[in-house]
Amino acid sequence: VTPGTTAFATASGNALGSCSGNPDDDVWYSFVPTATAHRVSLLNITGGSTDMYMKFYRGTDCGTMVDHACSDSETANLTGLTIGQPVFVRVYTYGAGIASNFNICVGTAPPPPANDDCAGAVALTVNTGMSCTSQTAGTVQSATNSGIAVTPCAGTADDDVWYSFTASQATHIV
């Protein structure tokens with residue numbers, strides 16, 4: 001993590017575009033992506049406000065920056081990044097005239113799990129009886145959308161993972 005503060009910061013004058021808030025106290029950071037997706041987090045926020053905002057730009061320098069994303073949350077999951085092309089992070093408190101302290105962190109998500117798509121479905125063991133003595137651990141961390149509709153079920157399949165089993169009876173409880 002890198003410590004930061006908006007205390008005594010002044011407005012840089014850059015346009016907000018589609019972002020919100022009052023960047024009268026913006027401070028700047030940059031990082032070079034090592035993957036096409038990164039997570040940027042503001043941690044340990046203290047001071048006059050815990051309501052922070054981040055605006056992200058892509059470009060090779062301050063003169064060539066283009067809008068990339070906004071985040072009113074203290075954690076942003078950035079996608080569509082170009083490996084090796086700098087990302088500039090503009091951090092400010094949402095309200096006017098407020099000073100806050102924080103830590104900023106850039107992380108790289110692990111690759112998707114092996115069963116991220118149907119072709120990689122993990123074969124499950126069918127237990128005998130009602131006891132689940134054989135269990136299979138799973139995660140949706142870094143999983144992606146397989147592009148298959150969930151209808152008639154509900155939910156958002158933006159992080160679906162796949163499993164399969166061979167039926168040994170006409171009815172099973174999953």
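The exercises below work through the two sheets, one lysine, the salt bridges and the aromatic pairs of a predicted model.

Residues are numbered from 1 along each chain as its sequence is written, and side-chain values use heavy atoms, with hydrogens and water left out. Because the model is predicted, local features need pLDDT of at least 70 and side-chain atom pairs count only at pLDDT 80 or more, while totals for chains, interfaces and linings use all residues.

**Exercise 1. The sheet that holds β4**

Task: State the strand order of the open sheet that contains β4, and find its edge strands.

Solution.
Step 1. Strands are DSSP runs of E with at least two residues, numbered from the N terminus (helices are runs of H or I with at least four). Two strands pair if DSSP finds at least two bridges between them.
Step 2. The order in this open sheet of four strands is β2-β7-β4-β5, and the pairing is antiparallel.
Step 3. The edge strands are β2 (27-31) and β5 (66-71), each of which pairs on one side only.
Step 4. On average, neighbouring strands of this sheet are turned by 25 degrees against each other, direction ignored. The axes behind this angle are lines fitted to C-alpha atoms (for helices over the stretch in contact), and angles run from 0 to 180 degrees between N-to-C directions.
Step 5. Between β4 and β5, which run antiparallel, there are five bridges.

**Exercise 2. The other sheet**

Task: Do the same for the open sheet that contains β8.

Solution.
Step 1. This open sheet of four strands has the order β1-β8-β3-β6, again with antiparallel pairing.
Step 2. β1 (2-5) and β6 (75-78) each have a single partner strand, so one side of each is left without a neighbour in the sheet.
Step 3. Here the average turn between neighbouring strands is 20 degrees, direction ignored.
Step 4. Strand β3 (residues 38-47) is joined to β8 by seven bridges, and the two run antiparallel. Gly-47 stands opposite Ser-100 in β8.

**Exercise 3. The surroundings of Lys-55**

Task: Decide whether Lys-55 is buried or exposed, and list what its side chain reaches.

Solution.
Step 1. Lys-55 lies in strand β4 (residues 52-58) and stands opposite Cys-70 in β5.
Step 2. Buried means under 20% relative accessible area, exposed over 50%, and partly exposed in between (1.4 Å probe, protein chains only). Lys-55 has a relative accessible area of 1%, so the residue is buried.
Step 3. A polar contact is a pair of N or O atoms within 3.5 Å; within protein, one must be able to donate a hydrogen and the other to accept it, and residues adjacent in sequence count only if both atoms are side-chain atoms. The Lys-55 side chain reaches the backbone oxygen of Leu-16 at 3.1 Å, and a polar contact of 3.0 Å joins it to the side chain of Asp-67.
Step 4. With contact taken as heavy atoms within 4.5 Å, and leaving aside neighbours within four places in sequence, the residues that Lys-55 touches include Ala-15, Cys-19, Phe-88 and Arg-90.

**Exercise 4. Salt bridges**

Task: How many salt bridges are there, and which parts of the chain does each one link?

Solution.
Step 1. A salt bridge is a side-chain nitrogen of Lys or Arg within 4 Å of a carboxyl oxygen of Asp or Glu. By this rule the count is two.
Step 2. Arg-90 pairs with Asp-26, the closest N and O atoms being 2.8 Å apart. Arg-90 is in strand β7 and Asp-26 in the loop between β1 and β2, 64 residues apart.
Step 3. Arg-90 is buried at 1% relative accessible area, and Asp-26 is buried at 5%.
Step 4. Asp-67 and Lys-55 form a salt bridge at 3.0 Å, N to O. Asp-67 lies in strand β5 and Lys-55 in strand β4, so the pair ties together parts that are twelve residues apart in sequence.
Step 5. Asp-67 is partly exposed, with a relative accessible area of 43%, whereas Lys-55 counts as buried.

**Exercise 5. Aromatic pairs**

Task: Classify the pairs Tyr-29 with Phe-102 and Tyr-53 with Tyr-92.

Solution.
Step 1. Rings of Phe, Tyr and Trp (its six-membered ring) pair if their centres lie within 6.5 Å; planes under 30 degrees apart count as stacked, over 60 as edge-to-face and the rest as tilted. The structure holds four aromatic pairs.
Step 2. The ring centres of Tyr-29 and Phe-102 are 6.3 Å apart and the planes stand at 80 degrees, so this pair is edge-to-face. Tyr-29 lies in strand β2 and Phe-102 in strand β8 (residues 100-107), so the pair ties together parts that are 73 residues apart in sequence. Both residues, Tyr-29 and Phe-102, are buried.
Step 3. Tyr-53 and Tyr-92 are stacked, at 5.4 Å centre to centre with 25 degrees between the planes. Tyr-53 lies in strand β4 and Tyr-92 in strand β7 (residues 87-93), so the pair ties together parts that are 39 residues apart in sequence.
Step 4. Tyr-53 and Tyr-92 are both buried, and ring pairs link them with Tyr-94 into a cluster.
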